[in-house]
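I opened this structure with a short list of things to look up: confidence, enclosed space, and the surroundings of one serine. My notes follow in the order in which I checked them.

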Amino acid sequence: IENAFRAAAKERAGAVLMDVSGPITNPHRREIADLAVKSRLPVIYNRREPVEAGGLMSYGVSVDDLDRRAATYVDKILKGAKPADLPIEQPAKLELVINVKTAKALGLTIPQTLLQRADQVIQSRVLEQFGRLLIAALGFAGLPRPSYDRPSGRSAPGSIPVRHRPD
């Protein structure tokens, strides 16, 4: 990973598109984010988790939404529907997540208009992780999740509450 960032910096890359996730990159999210800042290379990801680990921004399919939609398929199948009869669907929700702490570390100013369009704006990695743990604990206890002024309830402490924009 370090060699890839060294080569990108040597070739004067302006940014990196990280369109890979899985068992090879997931354990190295923090390392990738740190190397990006060290190399002064903005990185955009296709999933939110690397941004929560310190990456700059992501734009991609909402995995939470995919999970909810998968559950409806399971429900239909358990109620007797044939899987072959169920329609194939495209992902319906894309999300934009921005880490302003990382932007500052890279010397970038994110335009206010982009921040306003973001589904989540992360201010602090530690607070974000605490917020996700808190929300998981509330769900486990059967308590309602805090919404932080968002109908979807996905924002967490450490995030800027953002008004929901119609899809």
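These entries go from confidence to cavities and then to a single residue.

Entry 1, confidence. I am working with a predicted model, so I began with pLDDT, and I found a chain mean of 80, with 74% of the residues at 70 or more. When I went through the elements, strand E4 (residues 94-99) had the highest mean pLDDT, 94, whereas helix H7 (residues 125-140) had the lowest, 62. Over residues 147-167 I saw pLDDT stay under 50, although the model has 49 contacts beyond four places in sequence for this stretch. Where pLDDT is low, the predicted coordinates should not be read in detail.

Entry 2, cavities. I looked next for enclosed space and counted two cavities of 30 Å³ or more, the largest with a volume of about 110 Å³. Its lining includes Met18, Val20, Thr25 and Asn26, as well as Arg29, Ile32, Tyr45 and Glu49. I noted that helix H2 (29-38) and helix H3 (49-52) each supply at least two of the lining residues. By character, I sorted the lining into five nonpolar, four polar and three charged residues.

Entry 3, Ser62. Is Ser62 buried or exposed? I noted that Ser62 is in the loop between strand E3 (57-61) and helix H4 (63-78), and it counts as buried because its relative accessibility is 1%, where the cut-off is under 20%. Setting aside neighbours within four places in sequence, I listed Lys93, Leu94 and Glu95 as contacts of Ser62. I also checked Ala92, which is 30 residues from Ser62 in sequence, with the two C-alpha atoms 8.4 Å apart.

Methods:
Residues numbered from 1 in each chain as written. Predicted model: local features only at pLDDT ≥ 70, side-chain atom pairs only at ≥ 80, totals over all residues. Heavy atoms only, no water. 1 Å grid on protein atoms, 1.4 Å probe; cavity = no way out; pocket = protein on both sides within 12 Å on 5 of 7 lines; lining within 4 Å. Points joined across faces, edges and corners; volume = space filled by probe spheres on them. Helix = DSSP H or I, 4+ residues; strand = E, 2+ residues; numbered from the N terminus. Nonpolar A, V, L, I, M, F, W, Y, C, P; charged D, E, K, R; others polar. Buried < 20%, exposed > 50% of the residue type's maximum accessible area, 1.4 Å probe, protein only. Contact = heavy atoms within 4.5 Å. pLDDT = per-residue confidence, 0-100.
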